[in-house]
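Student: I should like to learn how the features of a structure are read, one residue and one element at a time. Could we begin with a single residue and its surroundings?

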Amino acid sequence: MILAAAIAAILVAASHAGFFFFRDNFSTHYPVKFLSAAAYRAFEIPYWNFADGGGQPLAGNPNTLTFYPDNVLYLILPVHAAFNLHFLIHLAIGFAAMRALTRSWFGAWFYLLSGAVISATSFYNLVVAVAMIPLALLAAERRSAPLLGISFGLMLLAAEPVMLIAMVIAAGIAGLGRLTLRDLGIAAGLALVIASPQLIAFAEIAREVERSVPM
């Protein structure tokens, strides 16, 4: 508990250290989360973005992570600190999950410093995969249906189809001979419950966006 509290304190302190994100985070994700933060603080759901392109859906856009659990940070921290902490939390979870999965500190650091992980820090939504992929593989190895469901549910809230499909395949391979149909049913049900707010919001705009049309 003391170690966890110390790590949490370090992450919160680091989150106040200016703006250390780049690329799509500056041009897309941070402006949207800045607008969303005002709605969260008014205890409202930010359904619509009035400031971009003459107005466009916000909650229905999975890239905005409107229903992601760590949005609670925007209620208690400055916007840039909450935004930074989203990345730090997922990097920390990804490191811990990979450490547990590989049983190696080297493996955890190798993963955290890999090109794939560093590239994912350019996107507020994709960094979720940094944590959820090793967490899902760990859940499959240890036959933990609840943990597997949570991993997929959180990734659905940050829906990126390509990474999601890749994670299904990887977790399926890792779970061969370990996960039963009952385990998979529990995991799928839990994932859908967690992701239901985002899925419902997306369904409202699905006919109007290009990703809902077969390519």
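Tutor: Let us begin with Asn 71. Leaving aside neighbours within four places in sequence, Asn 71 is in contact with Lys 33, Tyr 40, Leu 65, Thr 66 and Tyr 124. Please keep in mind that this is a predicted model.

Student: Where is Asn 71 found, and does it count as buried or exposed?

Tutor: Asn 71 is found in the loop between strand 2 (56–57) and helix 3 (73–76). Buried means under 20% relative accessible area. Asn 71 has a relative accessibility of 6% and therefore counts as buried.

Student: Which backbone oxygens does the side chain of Asn 71 reach?

Tutor: The side chain of Asn 71 reaches the backbone oxygen of Thr 66 at 2.8 Å and that of Tyr 68 at 3.0 Å.

Student: What is the overall make-up of the chain, in helices and strands?

Tutor: The chain has 10 helices and 2 strands, and along the sequence they follow the pattern α-α-β-β-α-α-α-α-α-α-α-α. Of the 215 residues in the chain, 44% are buried. Among contacts between residues at least 6 apart in sequence, 67% join residues at least 24 apart.

Student: How should one read the burial pattern of a helix? Which residues of helix 5 are buried?

Tutor: One asks where the buried residues lie around the axis. In helix 5 (residues 105–112), the buried residues are Gly 107, Ala 108, Tyr 111 and Leu 112. They lie on the same side of helix 5 because they cover an arc of only 130° around the axis. On the other side of helix 5, Trp 105, Phe 106 and Phe 110 are exposed.

Student: What do the buried residues of helix 5 pack against, and which residue caps its N-terminal end?

Tutor: The buried residues of helix 5 pack against helix 4 (79–102), helix 6 (115–120) and helix 7 (127–141). The cap at the N-terminal end of helix 5 is Ser 104, with a side-chain oxygen 3.2 Å from the backbone nitrogen of Phe 106.

Student: What does Thr 102 contact beyond its neighbours within four places in sequence?

Tutor: Thr 102, which lies in helix 4, is in contact with Gly 107 and Ala 108 when those neighbours are left aside. Its side chain reaches the backbone oxygen of Met 98 at 2.8 Å. Thr 102 counts as partly exposed because its relative accessibility is 34%. Thr 102 and Pro 134 are 32 residues apart in sequence and 9.5 Å apart in space, C-alpha to C-alpha.

Student: How is a pair of helices described? At what angle do the axes of helix 4 and helix 7 cross?

Tutor: One reads the approach of the axes, the angle and the handedness. The axes of helix 4 and helix 7 come within 8 Å and cross at roughly 25°. Angles under 35 degrees count as roughly parallel, and helix 4 and helix 7 are therefore roughly parallel to each other. Their crossing is left-handed. Among the residues that meet there are His 86, Phe 87 and Met 98 in helix 4, and Val 127, Pro 134 and Glu 141 in helix 7.

Student: Why might a positive phi deserve attention?

Tutor: Because most residues other than glycine have a negative phi. Phe 43, in the loop between helix 2 (24–41) and strand 1 (48–49), has a positive phi near 55°. At 73% relative accessibility, Phe 43 counts as exposed. Arg 143, in the loop between helix 7 and helix 8 (145–157), also has a positive phi, of about 55°. Arg 143 is partly exposed, with a relative accessible area of 46%.

Methods:
Residues are numbered from 1 along each chain as its sequence is written. This is a predicted model: local features need pLDDT of at least 70, side-chain atom pairs count only at pLDDT 80 or more; totals for chains, interfaces and linings use all residues. Side-chain values use heavy atoms; hydrogens and water are left out. Buried means under 20% relative accessible area, exposed over 50%, partly exposed in between (1.4 Å probe, protein chains only). Helices (H or I, at least four residues) and strands (E, at least two) are DSSP runs, numbered from the N terminus. The arc is that of the directions from the helix axis to the C-beta atoms. Contact means heavy atoms within 4.5 Å. A polar contact is a pair of N or O atoms within 3.5 Å; within protein, one must be able to donate a hydrogen and the other to accept it, and residues adjacent in sequence count only if both atoms are side-chain atoms. Axes are lines fitted to C-alpha atoms, for helices over the stretch in contact, and angles run from 0 to 180 degrees between N-to-C directions. Angles under 35 degrees count as roughly parallel, over 145 as roughly antiparallel, 65 to 115 as roughly perpendicular and the rest as oblique. A crossing is left-handed if the near helix is turned anticlockwise from the far one by less than a right angle, and right-handed if clockwise.
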